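Here is a short set of exercises to work through with a structure viewer open. Try each task before you read its solution.

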Amino acid sequence: GAGISFLILALVFLTPLYKSELQTIPQIIGGRFGSRVSIIICLFISAGMFLNIVAQTLAAVSLFSSLFNINAILAACIALILMACYILFGGIIGAGFAGIFKTAFLYLTCGIGMYTAIKAGGGIIDFLNYFPKQSYLNLLSRGGLTDCSEGLSVILGILSTQTYIQAAVSGRSLKDSKKGL
């Protein structure tokens, strides 16, 4: 769902959004429905971003605690310092560089985790024989309607989230924005 939604965002919505010079969902909706609606949307987006920060901090605490064997308070402090650096060093514009680092770090840790799991599990053949193919190797294992509706939910969630819209229109040029997606 995420890949499809970024493709839709890049191919369908990015050019009109970029050319409109509007950078936030409240600006877009406020232009159509008025400033009162825009204020309400700002409140909901602010609440959602606050919850997102809490979720990001909790995820970072788990990640740092397990990777570096540190306690939760120290891990939370590191996460909050990193978030403050994100804000101080350019926010979304600086996120391009941080995003490259983060992506490389995620691929590295996933690769190490995969290697460790396969080695500890006796090899890839043992994994394939142990886990049922219907549950683990089938994209529609819970039923077509259930899994397709969850994919649609991800698509709609990404297309309607301020974070993704703002990141998409924050490129130095339309070409850079499309490359970023």
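The exercises below concern a predicted model.

**Exercise 1. Salt bridges**

Find out which residues are linked in a network of salt bridges, and classify each of them by accessibility.

*Solution.*
- Step 1: Look for side-chain nitrogens of Lys or Arg within 4 Å of a carboxyl oxygen of Asp or Glu. The count comes to two salt bridges.
- Step 2: Start with Asp-147, which pairs with Arg-142; their closest N and O atoms are 2.5 Å apart.
- Step 3: Now turn to Glu-150, whose side chain meets that of Arg-142 in a salt bridge of 3.1 Å, N to O.
- Step 4: Put the pairs together, and Arg-142, Asp-147 and Glu-150 form a network.
- Step 5: Classify the members. Asp-147 is buried because its relative accessible area is 12%, under the 20% limit. Arg-142 is exposed, at 52%, and Glu-150 is partly exposed, at 42%.

As a reminder, side chains of opposite charge can pair when their charged atoms come close.

**Exercise 2. The nonpolar cores**

Name the residues of the largest nonpolar core, and say which helices each supply at least two of its residues.

*Solution.*
- Step 1: Collect the members: Leu-9, Leu-14, Leu-17, Ile-25, Ile-41, Ile-165, Ala-168 and Val-169, eight residues in all.
- Step 2: Assign them to helices. Both α1 (2-20) and α9 (162-169) supply at least two residues of this core.
- Step 3: Take Ile-165 as a test case. Neighbours within four places in sequence aside, Ile-165 is in contact with Leu-9, Leu-17, Ile-25 and Leu-159.
- Step 4: Look for another core apart from this one. There is one of six residues, including Ala-60, Val-61, Ala-75 and Ala-79.

In soluble globular proteins, nonpolar side chains tend to be buried together.

**Exercise 3. A nonpolar patch at the surface**

Determine which helix gives the most to the nonpolar patch.

*Solution.*
- Step 1: List the patch residues: Ile-124, Ile-125, Leu-128, Tyr-130, Phe-131, Tyr-136 and Leu-137. Together they make a surface patch of about 770 Å².
- Step 2: Compare with the helix boundaries. Helix α6 (residues 124-130) gives the most, with four residues.
- Step 3: Check Leu-137, which belongs to the loop between α7 (133-136) and α8 (144-159). Leu-137 is exposed because its relative accessible area is 58%, over the 50% cut-off.

**Exercise 4. Two residues to compare**

Decide whether Ser-38 is buried or exposed, and do likewise for Asn-69.

*Solution.*
- Step 1: Place Ser-38 in helix α3 (residues 35-68).
- Step 2: Read its accessibility. Ser-38 is at 15%, so it counts as buried.
- Step 3: List its contacts beyond four places in sequence: Ser-38 touches Pro-26, Gln-27 and Gly-30.
- Step 4: Move on to Asn-69, in the loop between α3 and α4 (72-88). At 71%, Asn-69 counts as exposed.
- Step 5: Check the backbone. Asn-69 is not a glycine, yet it has a positive phi of about 55 degrees. Most residues other than glycine have a negative phi.

**Exercise 5. Cysteines**

Establish how many disulfides the structure holds.

*Solution.*
- Step 1: Search for cysteine sulfur pairs within 2.5 Å. The structure holds zero disulfides.
- Step 2: Take Cys-85 as an example: its nearest cysteine sulfur, that of Cys-77, is 13 Å away.
- Step 3: Add accessibility. Cys-85 is partly exposed, at 30%, and Cys-42 is partly exposed, at 35%.

How values were computed: Residues are numbered from 1 along each chain as its sequence is written. This is a predicted model: local features need pLDDT of at least 70, side-chain atom pairs count only at pLDDT 80 or more; totals for chains, interfaces and linings use all residues. Side-chain values use heavy atoms; hydrogens and water are left out. Patches are made of residues with over 30% relative accessible area and no salt bridge: like charges are joined within 9 Å, nonpolar side chains (Val, Leu, Ile, Met, Phe, Trp, Tyr) within 5 Å. Accessible areas come from the Shrake-Rupley method with a 1.4 Å probe; for residues, only the protein chains shown count as cover. Buried means under 20% relative accessible area, exposed over 50%, partly exposed in between (1.4 Å probe, protein chains only). Contact means heavy atoms within 4.5 Å. A nonpolar core is a set of buried Ala, Val, Leu, Ile, Met, Phe, Trp, Tyr and Cys residues joined through side-chain atoms within 4.5 Å.
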